Structures are given as C-alpha cells and as structure tokens.
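The following paragraphs give a guided reading of a single protein chain. Please keep the sequence and the coordinates in view while reading.

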Amino acid sequence: MTPYLRRVNLASLPSPTVNAWQIGALAIRAYALCIIAGVILAIWITERRWVARGGRPGVVIDVAVWAVPFGLVGARLYHVFTDPELYFGSGRHPIDAFKIWDGGLGIWGAVLLGCLGAWIGLRRRGLPFAAFADAAAPGIAVAQAVGRLGNWFNNELYGRATSLPWGLTVHNIDSGTHHSVGTLPGHYQPTFLYELLWDLGVAGLVVWADRRFTLGRGRAFALYVMAYTVGRGWIEYLRIDHANHFLGLRLNDWTAIIVFAAALAFFILRRGPREDPAELRGGEPDSGAEDEVSEEEGEAVQRVTSDSDLTESDEATEVPSGESEEPANAQSRRQSIEE
C-alpha cells in the first residue's frame, strides 16, 4: 500500500458527523428516529407472524399500545440503575436520567417490562402470552438491529482500538450543536455493526427454526433470547465504553449469562405442541370458517329440499298400475252409447 493510501486510510468505516437536525426549537435526533423505525418494523413483522399462526388481525397494534411504553421505560430504568454514577452524586444532574434522546437504553429492561406490558394487553383480551412472544421474537431482534444504527449516529458504544480494515472512525459530537468537533485518534472496533449483523442473524435463525421444528409455547422466544445473549457476550467483551464490573466482567456480561441459562432451561423443559389457532382467537372460532360451513350447510339443505319437492310431485302424478288415465265422465258417456 502506498504512503498516500495509508494516510487517507480508505479501508476504514466512517461515522456520521451530525446526530440531529434542528428545525426551529426542535431537534430531530437520529437516535430517536432509529428507535421509532425499529418499533414500526417489529410491529409489522409480529402482525404478519401472529396472523399466520391463526391470530386475528389488529391484535398486535392493541398489544403494542401497552408493550412499547413499558419497554421504553424499562430500557431507561435498566440503564440508570446499572450506571447510577452517571446521573447521581457530586457534579451530576439527576434530571439527565430522563433524557432518553441522548442515548442510554438497556435491552434487558426493554424486554422485561415490554413483556409485562404485552402480558397486560393480552390478558385484557384473553389471549396466550407465550404464543404472542413466539410471534414477536424475530421482530424484536430486527428492532434491536435498527436501533444500533442510532448508536452509530451518536458515535457511541464502539470497541477497542484496531488496525482491521473495517476500523471505525469516531467523532466527538457536541451536545449543543449536534455536530462533530473532532475525531478520536486511530480506529475502533465497530461493535454497533457487529451486534446489528448478529441481531439480523438471530431473527433469521428464529424464523427458520420455527418453521422447521414448529416451535410453540414460548420456545421460539426462548431461542431468540439464547441466540442474542451468546452474541451479546462476545460483543460486550470488545466494548470500552463506561460500564460497571463485577468479578472481572462487565455487568452486562453477567446479565447475558444469567438470562441465557434461564432461557435454555425453559427451552429444554417446555413441552407440548404449538398452540391451536382457536387459542390465539380467545377460544372463538374463525369467522371465515363459520361462513364456509354455513354456505356448505345451506347448499346441502337446498339440495335435500329440492329432492323432497321432486319426490312429492312424482307421487302426486303417478297413476296406479292397470287403471286408465282417461277422465271418469268420458268413460260414462262411452258406456251409455254402447248400451
């Protein structure tokens, strides 16, 4: 490689130099747009999978009204509880704990409280939570992948310094102007990209396994959890952003280990066939099936009625064997003439 090519480093990955766009007094933040786009994709994917499994259309939107707000609150609470020194103590501003647009959402809290919100929404409709979780699993993984683009715009959650060709250029973004005020020296592991690609792979794995093995009763969701935590473990090991440690590991690593073990136990111990479509409709039969049955029954009744009418008509016009079909008054006149 020539000195010129080494100097411009064409083999590195760029990062955005701006993470928000000012419209009057309103700042449209890329991080927020990525979160919103991820939620929309998750709802769309879940709706398609829910209906394909036998559920009624429109249920996912109703449940999302509960799950999404709960998930956002849970994501922020996990981040604040696991890194309290960023918001409380000397020189800190507790009000910053509410500024989710500046980043800082923990997927562990999002899934936990998001599931609680979904459970409330499903319970109000008398629908099974496990079946809904199976339908939602790939969509959640895709939403996580899109959300990682928000970290890229914020120039955050990058990994160790690296000389790999795909090393990431990292900018210092001014929180007031939302523009770059310089770059960090060297290049860094693009851990946001690693997790983005891993999440998409997890979504594909769950869809394939669900079709291949007809997973149900929450096992597709458990597979998603196991696959995600495996990837999060090694990606977390590469990160150098602020994190509390316990026994030599980042707190998120311990969370991934515990959650993986719980999901694995659930996956192994959970048994039973996939939920019957009637369960996904609250025990009510499908309206389309009712219409088809009604039409078939109506046609059968019509055929029976037509056959009955035809039989009665034949019986009424049938002449006894050996008797003349000639009218009785004509027979009397002929008999008088003969006499």
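Is Phe-192 buried or exposed? In this predicted model, Phe-192 counts as buried because its relative accessibility is 8%, and the cut-off for that class is under 20%. The residue belongs to helix α6. Beyond the neighbours within four places in sequence, Phe-192 is in contact with Arg-148, Asn-151, Trp-152, Leu-157 and Leu-168. A further relation across the chain concerns Ile-235: the C-alpha atoms of Phe-192 and Ile-235 are separated by 8.8 Å, while the two residues are 43 apart along the chain.

Arg-148, one of the contacts of Phe-192, offers a second point of entry. This arginine is found in helix α5, which spans residues 129-153. With a relative accessibility of 12%, Arg-148 is classed as buried. Its side chain joins that of Glu-195 in a polar contact of 3.1 Å. When neighbours within four places in sequence are set aside, the contacts of Arg-148 are Leu-157, Phe-192, Glu-195, Leu-196, Tyr-228, Arg-232 and Arg-239.

Two residues in that list deserve separate comment. Leu-157 is placed in the loop between α5 and β3, and it has a positive phi of about 60° although it is not a glycine. Leu-157 appears among the contacts of Phe-192 and also among those of Arg-148. Arg-239, for its part, counts as buried at 9% relative accessibility. The side chain of Arg-239 meets that of Asp-241 in a salt bridge, with an N to O distance of 3.0 Å. Another residue that is not a glycine yet has a positive phi of about 60° is Arg-217, which lies in the loop between α6 and α7 (219-238).

The discussion now turns to the salt bridges. The structure holds twelve of them. In one, the side chains of Asp-210 and Arg-49 meet at 2.8 Å, N to O. This pair links distant parts of the chain, with Asp-210 in helix α6 (residues 191-213) and Arg-49 in helix α2, 161 residues apart. Asp-210 is buried, its relative accessible area being 3%. Arg-49 is likewise classed as buried, with a value of 13%. Both residues belong to a network of salt bridges that links Arg-49, Arg-53, Asp-134, Asp-210 and Arg-274.

A further salt bridge is formed by the side chains of Asp-62 and Arg-125, again with an N to O distance of 2.8 Å. Because Asp-62 lies in helix α3 (residues 59-82) and Arg-125 in helix α4 (residues 107-125), the pair ties together parts that are 63 residues apart in sequence. How are these two side chains classed by accessibility? Asp-62 counts as partly exposed at 37% relative accessibility, and Arg-125 is partly exposed as well, with a relative accessible area of 41%. By contrast, Asp-210 and Arg-49 are buried.

The strands form two antiparallel pairs that may be read in turn. Strand β1 (residues 20-23) and strand β2 (residues 26-29) are joined by four bridges and run antiparallel. Within this pairing, Ala-20 has Arg-29 in β2 as its bridge partner. The hairpin of β1 and β2 has two residues between the strands, and Gly-24 takes a positive phi near 65° there. Strand β3 (residues 171-173) and strand β4 (residues 180-183) also run antiparallel, joined by two bridges. Here Ile-173 is partnered with Ser-180 in β4. Six residues lie between the strands of this hairpin, and His-178 in the turn has a positive phi of about 65°.

Finally, attention passes to the surface. Trp-21, Leu-33, Ile-36 and Ile-40 form a nonpolar patch there, and together they have about 400 Å² of accessible area. Helix α2 (residues 30-52) supplies the largest share of this patch, namely three residues. Leu-33, which lies in helix α2, counts as partly exposed because its relative accessibility is 43%. Helix α2 thus contributes to the nonpolar patch and also carries Arg-49, the partner of Asp-210 in helix α6.

Definitions and conventions
Residues are numbered from 1 along each chain as its sequence is written. This is a predicted model: local features need pLDDT of at least 70, side-chain atom pairs count only at pLDDT 80 or more; totals for chains, interfaces and linings use all residues. Side-chain values use heavy atoms; hydrogens and water are left out. Buried means under 20% relative accessible area, exposed over 50%, partly exposed in between (1.4 Å probe, protein chains only). A polar contact is a pair of N or O atoms within 3.5 Å; within protein, one must be able to donate a hydrogen and the other to accept it, and residues adjacent in sequence count only if both atoms are side-chain atoms. Contact means heavy atoms within 4.5 Å. Patches are made of residues with over 30% relative accessible area and no salt bridge: like charges are joined within 9 Å, nonpolar side chains (Val, Leu, Ile, Met, Phe, Trp, Tyr) within 5 Å. Accessible areas come from the Shrake-Rupley method with a 1.4 Å probe; for residues, only the protein chains shown count as cover. A salt bridge is a side-chain nitrogen of Lys or Arg within 4 Å of a carboxyl oxygen of Asp or Glu. Two strands pair if DSSP finds at least two bridges between them.
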